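Q: I would like to learn how to read a structure feature by feature. Can we start with charged pairs and go on from there?

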Amino acid sequence: MKFFVGLGKEGAEERLEQSGVSRRDFMKFCAAVSAALGMGPAFAPKVAEALTAKRRPSVVWLHNAECTGCTESVLRTVNPYIGPLILDTISLDYQETIMAAAGEAAEEALHAAVNSPEGYICVVEGAIPTKDDGVYGKVAGRTMLDICQEVVPKAKATICIGNCACFGGVQAAKPNPTGAKGVKDALGVETINIAGCPPNPFNFVGAVVMYLQGKKIELDENNRPVAFYGETVHDHCPRLKYFEQDLYAPSFDSEEARKGYCLYELGCKGPYTYNNCPTVKFNQTNWPVDAGHPCLGCSEPGFWDEMSPFYEQS
């Protein structure tokens, strides 16, 4: 008996089962994605349907100036492991970090994907160095700027994952010697920005699901999906009650900190940061403030400059 009987999609069921993803775990994952989208549990079958479509969408994942933390965040998600799940429900035709191919074989895979008549979704991780014609960042002898100029505009949709691809990230922090920019700023194309450093993988998967369902993705002024970035971290922070009572932790090793008092005076940027971290935790387990660390505002444009000093009250 197949684990995914009832999903009605040929191929995906077998691939997921072979990867050790049970139907129960898969549906739990779909329920978590549904929650990230602001939907109830009844929406989970719709998520499952989108992720097990017969034709796997082709995805080209470009790496620019970054630390690969966004890829790591996606691959290290559990219950179920998101890596096998995503790799078995999309056709990831080019991704430098995890693809088996190297050298000319890798470049041939990129060329084939970009020129496929079926088209592709482009995922971009990392800022694009633009100074001096992009010479400060190269892959296979070509500048990242040149590669992105060729690949991104042809894509059916472009999803930027992480603050670097969205807004430039740490590479764009002053003095920004490489002229690093986010994809939209560098290329003038419209993007779906899944911001964060790194972002929660459920926000990334949620955006993919909405795209696969053909849904209109409402974006804020920074091209972030309102479904994930429509409210501030402060709005749903579990320490909000202490903020409203003016009860703040004066230091990280204080008794007030141990009692869970508000971290605003220790630099928390939650009131100025739009993200769903308190409600869609990493691995559905934890997030920085629950772990005793103030929000750094990592989903905001220019947060390295605009939000620092990180441990001082704004």
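A: Yes. Keep in mind that this is a predicted model. Start with a pair inside one helix: E255 forms a salt bridge with R258, with the closest N and O atoms 3.3 Å apart.

Q: Why can two side chains pair in this way?

A: Side chains of opposite charge can pair when their charged atoms come close. The cut-off used here is 4 Å between a side-chain nitrogen of Lys or Arg and a carboxyl oxygen of Asp or Glu. At 3.3 Å, E255 and R258 form a salt bridge.

Q: Where do E255 and R258 lie?

A: Both are in helix α13, 3 residues apart, or about one turn of the helix. The general idea is that an α-helix has 3.6 residues a turn, so residues three or four places apart point the same way.

Q: Is E255 buried, partly exposed or exposed? And R258?

A: Relative accessible area decides. Under 20% is buried, over 50% is exposed, and in between is partly exposed. E255 has 41%, so it counts as partly exposed. R258 has 59%, so it counts as exposed.

Q: How many salt bridges does the model have?

A: The count comes to 7 salt bridges. One of them joins E300 and R224, whose closest N and O atoms are 2.8 Å apart. This pair links distant parts of the chain, 76 residues apart. E300 sits in the loop between α13 (255-258) and α14 (303-306). R224 sits in the loop between α10 (201-212) and α11 (226-229).

Q: Are E300 and R224 buried or exposed?

A: E300 is buried, at 8% relative accessible area. R224 is buried too, at 2%.

Q: Which other salt bridges should I look at?

A: Try K281 and D290, whose side chains meet at 3.1 Å, N to O. K281 is partly exposed at 24% relative accessibility. D290 is partly exposed as well, at 36%. Then look at R142, D146 and E150, which are linked in a network of salt bridges.

Q: How do I read the buried side of a helix?

A: List the buried residues, then check the arc they cover around the axis. In helix α7 (residues 144-151), the buried residues include M144, L145, I147, C148 and V151. They cover an arc of only 165°, so they are on the same side of α7.

Q: Which residues are buried in helix α3?

A: In α3 (residues 44-51), A44, V47, A48, A50 and L51 are buried. Their arc around the axis is only 160°, which puts them on the same side of α3.

Q: How do I read a pocket?

A: Take its volume, then its lining. The largest pocket has a volume of about 320 Å³. It is lined by 23 residues, and the closest to its centre are C197, P198, F282, P288 and C298.

Q: How does the lining of the largest pocket divide into nonpolar, polar and charged residues?

A: The lining has 15 nonpolar residues, 8 polar and no charged.

Q: How do I read a single loop residue?

A: Ask where it lies, how accessible it is and what it touches. G119 lies in the loop between α6 (103-114) and β3 (121-125). With a relative accessible area of 17%, G119 is buried.

Q: What is G119 in contact with beyond its neighbours within four places in sequence?

A: Those contacts are S58 and K156. For another distance, take the C-alpha atoms of G119 and K154: they are separated by 8.1 Å, while the residues are 35 apart along the chain.

Technical notes. Residues numbered from 1 in each chain as written. Predicted model: local features only at pLDDT ≥ 70, side-chain atom pairs only at ≥ 80, totals over all residues. Heavy atoms only, no water. Helix = DSSP H or I, 4+ residues; strand = E, 2+ residues; numbered from the N terminus. Buried < 20%, exposed > 50% of the residue type's maximum accessible area, 1.4 Å probe, protein only. Arc of directions from axis to C-beta. 1 Å grid on protein atoms, 1.4 Å probe; cavity = no way out; pocket = protein on both sides within 12 Å on 5 of 7 lines; lining within 4 Å. Points joined across faces, edges and corners; volume = space filled by probe spheres on them. Nonpolar A, V, L, I, M, F, W, Y, C, P; charged D, E, K, R; others polar. Contact = heavy atoms within 4.5 Å.
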